[in-house]
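Hello,

Here is the structure I promised to pass on to you. Please have it open while you read, and my notes on what turned up in it follow below.

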Amino acid sequence: MFFNVQPKGSILPSITEGSVSDRLKSPAAASLASLVTVKELATILHMGEGSVRAAVAKGQIPHLRLGARIRFDLEQVRAAFRPSATPNTSGAA
């Protein structure tokens with residue numbers, strides 16, 4: 001038997017308040033839902049997982065650390081790989 005041990009008047013929502021789909025519509029949940037793992041990003045970019053991790057270590061791919069986990073926002077990754085609007089003026093070919 002399960003008991004609701006939540007104190008009366010608690011600010012924490014109970015499990016029955018609102019639907020899960022309503023909670024997933026929040027901006028925070030939407031941004032978390034668009035995060036991908038190292039394995040998923042490696043598949044999308046046709047790279048090995050080790051190559052993705054190496055690029056993260058070098059700061060070449062925007063990422064988030066959630067504890068020991070690494071996650072990627074696809075929009076930020078796409079933006080990082082888009083050609084910049086400024087031409088290369090370093091003289092290097």
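**What was found**

To begin with the overall layout, the protein has five helices and three strands. Please keep in mind that this is a predicted model. If you start at the N terminus and follow the chain, the elements come in the order α-α-β-α-α-β-β-α. Of the 93 residues in the protein, 17% are buried. The protein exposes about 7,600 Å², and 61% of that area is supplied by carbon and sulfur atoms. Among contacts with a separation of 6 or more, 35% are between residues 24 or more positions apart.

Next, the sheet. In what order do the strands of the open sheet lie? The order is β1-β3-β2, and the pairing is antiparallel. That leaves β1 (35-36) and β2 (64-66) as the edge strands, each pairing on one side only. Two bridges join β1 to β3 (residues 69-73), again in the antiparallel sense. You can find V36 with its bridge partner F72, which belongs to β3. Helix α5 (residues 74-81) packs on this sheet and touches β1 and β3. The direction of α5 makes about 70° with that of β3.

Then there is the core. Which residues make up the largest nonpolar core? There are 12 in all: V36, V38, L41, A42, V52, A55, V56, I61, I70, F72, L74 and V77. Two or more of these residues come from each of α3 (38-45), α4 (49-57), β3 and α5. Both V36 and F72, the bridge partners mentioned above, are members of this core. One core member to look at is A55: leaving aside residues up to four places away in sequence, A55 touches Q60 and I61. I61 belongs to the core as well.

Now for the charged side chains. How many salt bridges does a search of the whole structure find? The search finds one. This salt bridge brings together the side chains of R78 and E75, with a distance of 3.0 Å from N to O. As background, side chains of opposite charge can pair when their charged atoms come close. Here R78 and E75 are three residues apart in helix α5, so about one helical turn separates them. Are these two residues buried or partly exposed? R78 has a relative accessibility of 45%, so it counts as partly exposed. E75 is partly exposed too, because its relative accessible area is 47%. While you are looking at R78, you may also like to find P62, which is 16 residues away along the chain. The C-alpha atoms of R78 and P62 are separated by 9.6 Å.

Finally, a detail of the backbone. H46 has a phi near 55°, which is a positive value in a residue other than glycine. Where is H46 placed? H46 sits in the loop between α3 and α4. With a relative accessible area of 74%, H46 is exposed.

If you would like a path through the model, you could begin at the bridge between V36 and F72, go on to α5 where it packs on the sheet, and then look along that helix for the salt bridge of R78 and E75. After that, the loop that holds H46 is a good place to finish.

Enjoy looking around, and do write back with any questions.

Best wishes

Terms used. Residues are numbered from 1 along each chain as its sequence is written. This is a predicted model: local features need pLDDT of at least 70, side-chain atom pairs count only at pLDDT 80 or more; totals for chains, interfaces and linings use all residues. Side-chain values use heavy atoms; hydrogens and water are left out. Two strands pair if DSSP finds at least two bridges between them. Helices (H or I, at least four residues) and strands (E, at least two) are DSSP runs, numbered from the N terminus. Contact means heavy atoms within 4.5 Å. Axes are lines fitted to C-alpha atoms, for helices over the stretch in contact, and angles run from 0 to 180 degrees between N-to-C directions. Buried means under 20% relative accessible area, exposed over 50%, partly exposed in between (1.4 Å probe, protein chains only). Accessible areas come from the Shrake-Rupley method with a 1.4 Å probe; for residues, only the protein chains shown count as cover. A nonpolar core is a set of buried Ala, Val, Leu, Ile, Met, Phe, Trp, Tyr and Cys residues joined through side-chain atoms within 4.5 Å. A salt bridge is a side-chain nitrogen of Lys or Arg within 4 Å of a carboxyl oxygen of Asp or Glu.
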